Protein chains: 2
Amino acid sequence: MRSASASPAPDEQNTALLKDFATLSAFGATPGGGVDRQAATAADGEQRAWLHRWLTGHGFEVHYDGVGNQFGLFTFTPGAPYVLSGSHLDSQPLGGRYDGAYGVLAAAHAAHRAVERWRASGASPRYNVAVVNWFNEEGSRFKPSMMGSAVFAGKLPAETALATTDPAGTSVRAALREIGTIGDYAGPDLAAYAEIHIEQGRELENAGTTIGLVGSTWAARKYQVIVRGEQSHTGSTIMTDRRDALFGASLLVVAVRELAERSAAVPLHTSVSEMYIEPNSPVVVAREVRMHVDLRSPDEAFLEDAAKELAESIPGIEERAAVDIEVVQTHGWGVAPFPRAGVDLAAEVADELGLRHRTMMTIAGHDSVNMKDVTPAVMLFVPSADGISHNEGEFTPDHDICAGTDLLTEVIHRLMSGALESQR
Amino acid sequence: MRSASASPAPDEQNTALLKDFATLSAFGATPGGGVDRQAATAADGEQRAWLHRWLTGHGFEVHYDGVGNQFGLFTFTPGAPYVLSGSHLDSQPLGGRYDGAYGVLAAAHAAHRAVERWRASGASPRYNVAVVNWFNEEGSRFKPSMMGSAVFAGKLPAETALATTDPAGTSVRAALREIGTIGDYAGPDLAAYAEIHIEQGRELENAGTTIGLVGSTWAARKYQVIVRGEQSHTGSTIMTDRRDALFGASLLVVAVRELAERSAAVPLHTSVSEMYIEPNSPVVVAREVRMHVDLRSPDEAFLEDAAKELAESIPGIEERAAVDIEVVQTHGWGVAPFPRAGVDLAAEVADELGLRHRTMMTIAGHDSVNMKDVTPAVMLFVPSADGISHNEGEFTPDHDICAGTDLLTEVIHRLMSGALESQR
């Protein structure tokens, strides 16, 4: 654990922020201190309704686009573009309170504070401001992850997203209609995008640093794998006759892990965390396993080599388990930079606020990874205690929550003045 | 495939048998030619209602005991014990038409034919006759397998069985009430038990033999294993921080398979075919995997050694995957003989009918494995094409279906005369 430095009591604005964060954390709250509010579930619907009321109560106009992205607009100058800030309120099953939710609430408070400052000054900003809660960033119920921002950024057709079904067969379209947060808003014209998120790693904590300035992404590749065997009796089928899909899948899980274990020079994160097994009976050899493989590295060429090595291991697994394995890459991104000018802007603000900062890469995907390709984007991190995330025990201390929001407020304020307009 | 020998057209009785088998195969029929009628599902309810009508239509009196075992009684002498014959109508998900269902239908037809013969002769048998459809032999929806016969044989408390829940949380009690086949019948007093079943292996087919006479069981051990890790982000969590329950489970699947691969001298069948993964999300390292391990061998001491070897491999897996593994043996049986006199009786009948036979072991568990401990039991096999079972492609040729039923008829007739009474 990072030792908590003595920090002053929060001011009035940050007291309101922390109070709202406690309210937000009650939606889908779990006994273990986390939340369970997967995309377009009832709990997601409730928190969206709460955010809707918060935004209208603070003078924002709320709109929903065709894939459930929730926007709150504050318009100083009709027709002018918007500085957009936000993240996602949806969570993993038994996820933490901070992942995504902090970024949406910090954006709402920061945008509100910026609006108040502009109003108090009597001046008019160059750009309007808007808050966003992206639909289905987590991708646990509906795949792929970062769905709402991908549609907004033109990387995923809205129709494809809407037709996607969860394991129970419910489509995104039906689930969004169920919670009532789907509309026909086309989305705002953008001047810039800013997002703040918990780090979900240990780098800031280990360095005793409050703010991470994201300079680029790790590369990632995601695969859907289907292992096909044949159903037979677990007791009586002789071993050499078996075509065991779960044995084949298990060999692949081990091979995926060994890729990372062999990688000493360059970091490589590999995982299989999801399997659907058919028929999943204690006395029937599995006929099919569908699984999801995730590979990530800060080095694109190294990731390419790892993917090749994995592909080369498949025939041996097929032979040993007498199965057929189909691998389809479903999703991925390269090592991609965020604009240097955005990192510099945030660093300058952090210095002025007396916040220690460092430039770093993001390993996890974020909505900003989609957004940086359509508008100048700034991505900020605050620390995660012990690097724990996608876990009920996720934690970020209040003083970091407040410091991050103070920073985001100032960044949004400067973006509204046109700070990154040369990058558009 | 065994080459089909030229066989005569079935007689009137066997034509009726084959017609009824076709009717029975339509309950829960799947597009792939199999059936899906797990215990106490709607399809199981429908076939039970059909059997109920068949039995009453042929003069049997139908009763249900407290765990859903379905009995059809034909009483010549009130107060006299019964020769009981049957098997189970429930199937695996996407199972075959023959597994269990053949044994119940053959028993119904054989008992009816025996009744007709006794009636035609004018003599009264020493014992009455009864047919049984045991509840939940398969154990895919509710564990353990062979549930109904285990309760009948006093090996499993009825209350434990009734409180067992399926993965959706429905109890056996609730499911049986739903399909309406639960009663308070105490069950018949028994003189003997006879069961016929498909082999689910290749031994008869390879030997070109029609009838298997089961002399004893393979030993089996079944374990419930829980692998406990910790939920974390699949992307950002550094590899050495991960406590990946699915990686631990996969290492165990491979270790279980390797037990069998290393076993050259003595057959050992090992499998893992069922896992429940939490939270089973593509971007969350699994916190828990619950799995089922099945070990079987014809040699008890060898099975004991294999179980020890498996136990010894656990600490290394726990260390490598940073998980905790809990192993509980839930179920098992030793190498246990069926009475020699029953094998001899069936061999004598087979010889008289001109049916080739061999004495063999059963690898799969059957209701007769429970029943042999409470009454003299005879267990018979007919061939399975290619040894395929627990698969929609399960197949036994009509002439074997008929030959087995002819044999069972004669065995039941002789048991009703008191053939095994010295074994009681």
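## Two cis prolines and a positive phi

B:P279 sits in the loop between β9 (269–278) and β10 (284–285) of chain B. The bond leading into this proline is worth a look: B:E278 and B:P279 are joined by a cis peptide bond, with omega at about 0°. Keep in mind that this is a predicted model, so treat such local details as features of a prediction.

Chain A offers a cis proline to look at as well. The peptide bond from A:K143 to A:P144 is cis, and its omega is near 0°. Here the setting is the loop between β4 (128–133) and α4 (147–152) of chain A, which is where A:P144 lies. Then there's A:Q200, which isn't a glycine but still has a positive phi of about 65°. Look for A:Q200 in the loop between β5 (190–198) and α7 (203–207) of chain A. Why point these spots out? Because most residues other than glycine have a negative phi, and most peptide bonds are trans.

## How the domains of chain A meet

Chain A splits into domain 1 (12–218 + 335–423) and domain 2 (219–333). So domain 1 is written as two segments, 12–218 and 335–423. The C-alpha centres of the two domains of chain A are 34 Å apart.

Where they touch, 13 residues of domain 1 of chain A are in contact with 15 residues of domain 2 of chain A. Between them the two domains of chain A bury about 1100 Å², and 59% of that is on carbon and sulfur atoms. Which three residues supply 54% of the area that domain 1 of chain A buries against domain 2 of chain A? They are A:K143, A:W218 and A:V335, and no other three residues supply more. A:K143 is a familiar name by now, since the cis bond to A:P144 starts from it.

## Helix packing around α2

Helix α2 (residues 42–57) of chain A has contacts with two helices described here, starting with α1 (residues 12–25) of chain A. The axes of α1(A) and α2(A) come within 10 Å and cross at roughly 150°, so these helices are roughly antiparallel to each other. On the α1(A) side the contact is made by A:D20, A:T23 and A:L24, and on the α2(A) side by A:Q47, A:W50 and A:W54. By class that gives three nonpolar, two polar and one charged.

Next up is α3 (residues 101–121) of chain A, whose axis comes within 11 Å of that of α2(A), with a crossing angle of roughly 10°. α2(A) and α3(A) are therefore roughly parallel to each other. Here α2(A) brings A:W50, A:L51, A:W54 and A:L55, while α3(A) brings A:V104, A:L105, A:A108, A:H109 and A:H112. This contact has seven nonpolar and two polar residues, with no charged ones. A:W50 and A:W54 take part in the contact with α1(A) and in the one with α3(A).

## Two copies, one axis

How does chain A lie on chain B? A turn of 180° and a shift of 0.0 Å along the axis will do it, with an RMSD of 0.0 Å. The two copies are thus related as by a two-fold rotation axis.

In chain A, the C-alpha nearest that axis belongs to A:S250, at 2.2 Å from it. Both copies use the same surface, with 100% of the contact residues of chain A recurring in chain B.

Technical notes: Residues numbered from 1 in each chain as written. Chains lettered and ligands numbered in written order. Predicted model: local features only at pLDDT ≥ 70, side-chain atom pairs only at ≥ 80, totals over all residues. Heavy atoms only, no water. Axes fitted to C-alpha atoms, helices over the stretch in contact; angles between N-to-C directions. Helix = DSSP H or I, 4+ residues; strand = E, 2+ residues; numbered from the N terminus. Parallel < 35°, antiparallel > 145°, perpendicular 65-115°, else oblique. Contact = heavy atoms within 4.5 Å. Nonpolar A, V, L, I, M, F, W, Y, C, P; charged D, E, K, R; others polar. Least-squares fit on C-alpha atoms with pLDDT ≥ 70 in both. Domains from an automatic or database assignment. Buried area = accessible area lost by both parts, 1.4 Å probe.
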